[in-house]
Amino acid sequence: MVDAPWKRRSGLETVIDDWTRSRTVQPCFAADRLFSAKDGTYADLPRSLAPELAAALHNRGIDALYDHQARAWALARGEADPERTFEGQAKAVVVATPTASGKSLCFHLPVLQAIVTDPDARAIYVYPTKALSRDQEASLRELVGDAGLDVPAVVYDGDTPGDARRVARERSPIVLTNPDMLHAGILPHHANWSRTFQALKYVVIDELHTYRGVFGSHMAHVISRLRRIAQFHGSDPVFLCATATIGNPRAHAARLIGVDESQVALIDESGAPRGQRRFFFYNPPVVNAELGIRASYLKSAVRLASDLIRAQVSTIVFGQSRNSVELMLKYLRDGLGDEAPQEAIMAYRGGYLPEQRREIERGLRAGEILCVVATNALELGIDIGDLQAVICAGYPGSVAAMWQRFGRAGRRGELSAAILVGRSAPIDQYLARDPEFLLGSGAEEARIDPTNVEILVQHLKCAAFEVPFVCKPGSEKPDGGDQYASLDEDNTREALSFLAQHGVVHEAGGRFHWSADAYPANHVSLRSLGWDNFVIVDIAHGRSIAELDWRATHTMLHEQAIYQHDGEQYQVEKLDFENHKAFVRKVDPDYYTDALTYRRVSVIEQEATRSVGMCQAAWGEVSVVEKVVGYKKIKFHTHENVGYGDVRLPDMQMHTTSLWLTVPEELYVETGIGRAAAIDALRGIGRALEMVSSLALMCEPTDIGQTLGDRSGEEEMPEREMVKSPRPGFDPTIFLFDHIPGGVGIAERIYERIDELLARTHTLVRECDCEDGCPACVGPSEEGGNKRRLVAVRLLEAMRGLQ
């Protein structure tokens, strides 16, 4: 019997009380920790702060700054550091404090002060997404309005109309943009932006931690080009950066901006107060003890979220993928029925059109939406109002990302709840056994590789288009020649000469001018080395409902796929690959689809090799080919497999770097394991080694790809057919590769530490309580009958030379 509304318990405290008393929920808590509240530490408003800005702060009830805001003010302006840890004018100031610690004022105040003092001063704000730049535009305009200043702040992105673009170029002292627009819309046309670049005082880079991997490597070159253009116009801006907690904020900022670490001032102690936070690690109950399989983490997250929604607790649920977000949205709406209106439970993910995302953001701020189910698109600092609870359905891959997500709740200082729901995957179960790894270890480091030749050459072309290079031979350059990014003068000249040989630049008297007809920035994608988005068209209404990136299209928009959008299902009737359009029709199936892919890795060039026990380890450049070969039909709620279908789409190819560990055939033959059992066990060992490597190197699991192949790089794959009857002479090889085009150095680090990582993998597998293999170690056998874990332990002993 449902309680009458006036008897219904509400509020976060009541939900937590019910959970801790429940005989079904409480036993599943692998961790329950209360983080106490923290008082703020404050500093007086700076005496040099303009009266208008001081008045605006007073009107908001701010009579003092947090001490980290006061430090940021002083360091940005070249004043004495209150902590006396940095002297002189910093080239960059990095504020690395938790979510909701008031980082925005750390750059708004110095920027507005500079413009009040000198109306000709200019600043460029760079945000990783259009949504975040729009959100910050609103907050900046509010501050400017409260101060009674006439300081236009204009967003310049692909959605900006023509008249607003003209205002941004000619009259706006503050321009808010994103990396893509800066790269292709501003820097190549810097002559039209001369008023901005001549007086560029500050460049603000928010969410610095998002610039990792290939995106961050591209961004480092965009900043190099920006600094070069600013120098050409006679300015030398200070970079003001804000980041969530990462392990190397100063080093990352220095590498991204292209300056020495000694020129970067770091502020990593927060003076902001913090409310109480209750952390739970919910590990779903075991439903199959023999295979170590636990209850669905998605359904578990939905049950916990339903409890919070019924108690009127504003909640955000983070999913691992677009599909998982849509599944949880459907399950929440179906399960709650009339207890909560559908429009009070929404999804937020990549692929939704901009108008829909902004409407959801507005609903969250207004309190009209009680629960939002989101991908990492809402990890960033978009203001979405007062949230009290965060549920992460699955470990997001890094400690930094987890706390970034949990920081979305309790932003106003009240009690908040942070719930991590574990999957059956090895990394989640490892953390369930040792939750102190989450609670006590530091955040991961952000890594980029601006020296990646493929990326460097692309941006060198863009730089040559923007401003000619002067690179005279050694003795003929008494004043020195131009340098680009991390290249010295000689390497810059050699790289430009290479471009001249290919006819894209022309050399005359030591000056290199762009000479090709092509517009180089248009051919360089910052987000990946992929292709344009695909538009999704609803056939029944003839309108676009969403868009997807090129890679996701292969797995989510193949013909006969069930595409899920806003809790509804559409079947893909036709995929027009050439014109980048998918035509869908709304349906009401009792299943969804999940793509089946395979990978093939071929070695291009070996950089180094050495013996590791009885195996051979190496690393170098590889080609990774991925292909979607089919799909499964999975029933809603029960998640049982109800059918298969074929998919015929082009291959996806990527050049990257990889470690490979080759197990000679004679090793498993001599130990009597047998080829089929050995290959089955090696699949599990590769899986466990991937998890151990991601934890040891403190990188996200999605940064590493893994497969089993043959070092010869032949076409045949050790798939199920080969497991049954592997061919003679097959030396199975585990590949762990950078899942980023070009690579960012992860594979090389795995190679350097492979002995240690193999030993840790051996320990993980040996000490697991299962017999046949489970999701927490090597996974259950794909063939059945094989005791995969026991075989893996024997094989690891042989591989390490312990037998």
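These legends go with a set of views of one predicted protein model.

**View 1. The whole chain, before we zoom in.**
Start by stepping back: this chain carries 25 helices and 32 strands. Its C-alpha trace spans about 80 × 75 × 60 Å along the principal axes. A compact globule of 803 residues would have a radius of gyration near 28 Å, and the chain has 28 Å, so the two agree. Buried residues account for 56% of the 803 residues. Take the contacts between residues at least 6 apart in sequence: 73% of them join residues at least 24 apart.

**View 2. The outside of the chain and its charges.**
About 33200 Å² of the chain is exposed, with carbon and sulfur atoms supplying 46% of that area. As for charges, there are 88 positive and 111 negative side chains. The centres of these two sets lie 3 Å apart.

**View 3. How confident the prediction is, and a stretch to treat with care.**
The mean pLDDT of the chain is 87, and 92% of its residues reach 70 or more. Residues 713–728 have a pLDDT below 50, yet this stretch still has 38 contacts in the model beyond near neighbours in sequence.

**View 4. Pro82, in a loop after a helix.**
Here we're looking at the loop between α3 (67–76) and β4 (92–96), which is where Pro82 lies. Skip the neighbours within four places in sequence, and Pro82 is in contact with Arg71 and Ala74. For a sense of scale, Gly773 is 691 residues away from Pro82 in sequence, and the two C-alpha atoms are 57 Å apart in space.

**View 5. Lys103, a buried lysine in helix α4.**
Lys103 belongs to helix α4, which covers residues 103–117. Its relative accessibility is 15%, and because buried means under 20%, Lys103 counts as buried. What does Lys103 touch, not counting residues up to four places away in sequence? The list is Val95, Thr97, Pro98, Ala242 and Thr243. You can also look for Gln69: Lys103 and Gln69 are 34 residues apart in sequence, with 7.3 Å between their C-alpha atoms.

**View 6. Asp206, a buried aspartate in a loop.**
Next comes the loop between β8 (200–205) and α9 (213–232), home to Asp206. At 6% relative accessibility, Asp206 counts as buried. Residues up to four places away in sequence aside, Asp206 touches Phe107, Val126, Tyr127, Pro128, Tyr211 and Ala242. Ala242 may ring a bell, since Lys103 touches Ala242 too. Ala74, one of the contacts of Pro82, is 132 residues from Asp206 along the chain, and the C-alpha atoms of Asp206 and Ala74 are separated by 19 Å.

**View 7. Ala485, a loop residue with a positive phi.**
Ala485 sits in the loop between β19 (469–470) and α18 (489–501). Look at the backbone here: phi of Ala485 is near 50°, a positive value in a residue other than glycine. Is Ala485 buried or partly exposed? Its relative accessibility is 37%, so Ala485 counts as partly exposed.

**View 8. His637, another loop residue with a positive phi.**
The last view shows the loop between β28 (615–635) and β29 (641–646), where His637 is found. Phi of His637 is near 70°, again a positive value in a residue other than glycine. With a relative accessible area of 37%, His637 is partly exposed.

Key
Residues are numbered from 1 along each chain as its sequence is written. Side-chain values use heavy atoms; hydrogens and water are left out. Helices (H or I, at least four residues) and strands (E, at least two) are DSSP runs, numbered from the N terminus. The radius of gyration is taken over C-alpha atoms; the globule rule is 2.2 Å times the number of residues to the power 0.38. Buried means under 20% relative accessible area, exposed over 50%, partly exposed in between (1.4 Å probe, protein chains only). Contact means heavy atoms within 4.5 Å. Accessible areas come from the Shrake-Rupley method with a 1.4 Å probe; for residues, only the protein chains shown count as cover. Lys and Arg count as positive and Asp and Glu as negative; His and the chain ends are not counted. The place of a charge is taken as NZ of Lys, CZ of Arg, CG of Asp or CD of Glu. pLDDT is the predictor's confidence in each residue, from 0 to 100.
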